[in-house]
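Reader: I should like to request a close examination of a single part of this structure. Please set that part in the context of its surroundings.

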Amino acid sequence: MNSEDQRANWDLKYEQGLTSLTQPDPFFISAYEQVVDQSFPNAGEALDLACGLGRHALWLASRNWRVTAVDLSDVAIGNLNKAALTLDLNLDLLVGDAAEYKFEPTRFDVIVLFYHLDRNLFPKMVSALKPGGLLICKMSLKWESDGRLPTVSATPLGRNELPLLVPELHVLYQEERPVRSRGVVEFIGRKLGGVA
């Protein structure tokens, strides 16, 4: 599926609702409370990549983070803009493919990436993290229990693959488990050279 087809597909999905994607993921909240808040008590700069309706971007912005949110869908970014205005939150919103986002070196304290897999993004994200910066990631993965592939991604992550994509990061947390007909990995990594 090309970029325009993907955009149209996601625009349609967001126009139809997807209300389940308006509340922050419980893993994200846990990661924030257990790692991010202690590492960055005065907030900082965050990137929510492939943000969808911006559930994590809004949550971070409500805690005084400067947040850049990027998504392919015009509808998603439009809805996020409305939500930010309603909540009186300031976000830097960009419509575009995550693969085409111009990552600036050592810009972000936190990068959030949930359920968007493009293996080519990982080195770029690591480069964009400041020393001590955190990558918080949740992805679908192949789960070999029944031999079926997940329907979320055409080329899902393999078991224990995610740390191999970010060898420059110190793994603070990684859990892989089956969820319905697929697997999921939850990951927190810290770029070396900063906060301990």
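Leaving aside its neighbours within four places in sequence, which residues is W65 in contact with?

Author: The model under discussion is predicted. In this model, W65 is in contact with Y32, V36, F40, A43, G44, E45, A46, L60, D109 and V110, when neighbours within four places in sequence are left aside.

Two of these names return in the description of the largest nonpolar core. That core has 30 residues, and W65 and V110 are the members that touch the most other members. At least two residues of the core come from each of α2 (26-39), α3 (55-61), β2 (66-71), α4 (74-86), β4 (108-114) and β5 (129-141). The greatest contribution is that of α2, with 7 residues. Another core, of 27 residues, lies apart from this one; L113, F122, L129 and W143 are among its members.

The helix α2 deserves a closer description. Its buried residues are F27, F28, I29, A31, Y32, V35, V36 and S39, and of these, Y32 and V36 are also in contact with W65. The buried residues of α2 pack against α3, β4, β5, β6 (169-179) and β7. At the N-terminal end, D25 acts as a cap: one of its side-chain oxygens lies 2.8 Å from the backbone nitrogen of F27. The helix has a kink of about 45°, centred on Y32. As for its length, 14 residues at 1.5 Å a residue should span 20 Å, and the end C-alpha atoms of α2 are 19 Å apart, which agrees.

The contacts of W65 with D109 and V110 lead to the strand β4. Here 7 of 7 residues are buried, so that the strand is mostly covered. On one pairing, β4 is joined to β1 (residues 45-49) by 4 bridges, and the two strands run parallel; L49 stands opposite L113 of β4. Another pairing, with β5, has 6 bridges and is likewise parallel. In that pairing L113 stands opposite C137 of β5.

C137 also provides a link to strand β7 (residues 182-191), in which V185 is found. Not counting residues up to four places away in sequence, V185 touches C137, K138, M139, L141, L157, L162, Q174, E175 and E176. V185 counts as buried because its relative accessible area is 0%, whereas the cut-off is under 20%. Between V185 and L162 there are 8.2 Å from C-alpha to C-alpha, while the two residues are 23 apart in sequence.

Two loops that adjoin the strands described above contain residues with a positive phi. In the loop between β1 and α3 lies A50, whose phi is about 55° although the residue is not a glycine. In the loop between β3 (91-95) and β4 lies T106, with a positive phi near 45°, again in a residue other than glycine. T106 counts as partly exposed, because its relative accessibility is 41%.

These details belong to a protein with 6 helices and 7 strands, which run from the N terminus in the order α-α-β-α-β-α-β-β-α-β-α-β-β. Of its 196 residues, 51% count as buried. Among contacts with a separation of 6 or more, 60% are between residues 24 or more positions apart.

How values were computed
Residues numbered from 1 in each chain as written. Predicted model: local features only at pLDDT ≥ 70, side-chain atom pairs only at ≥ 80, totals over all residues. Heavy atoms only, no water. Buried < 20%, exposed > 50% of the residue type's maximum accessible area, 1.4 Å probe, protein only. Contact = heavy atoms within 4.5 Å. Core = buried A, V, L, I, M, F, W, Y, C linked by side-chain atoms within 4.5 Å. Expected span 1.5 Å × (residues − 1). Bend = angle between axes of the 7 residues up to and from the residue. Polar contact = N/O pair within 3.5 Å; in protein donor to acceptor, adjacent residues only side chain to side chain. Pairing = 2+ DSSP bridges.
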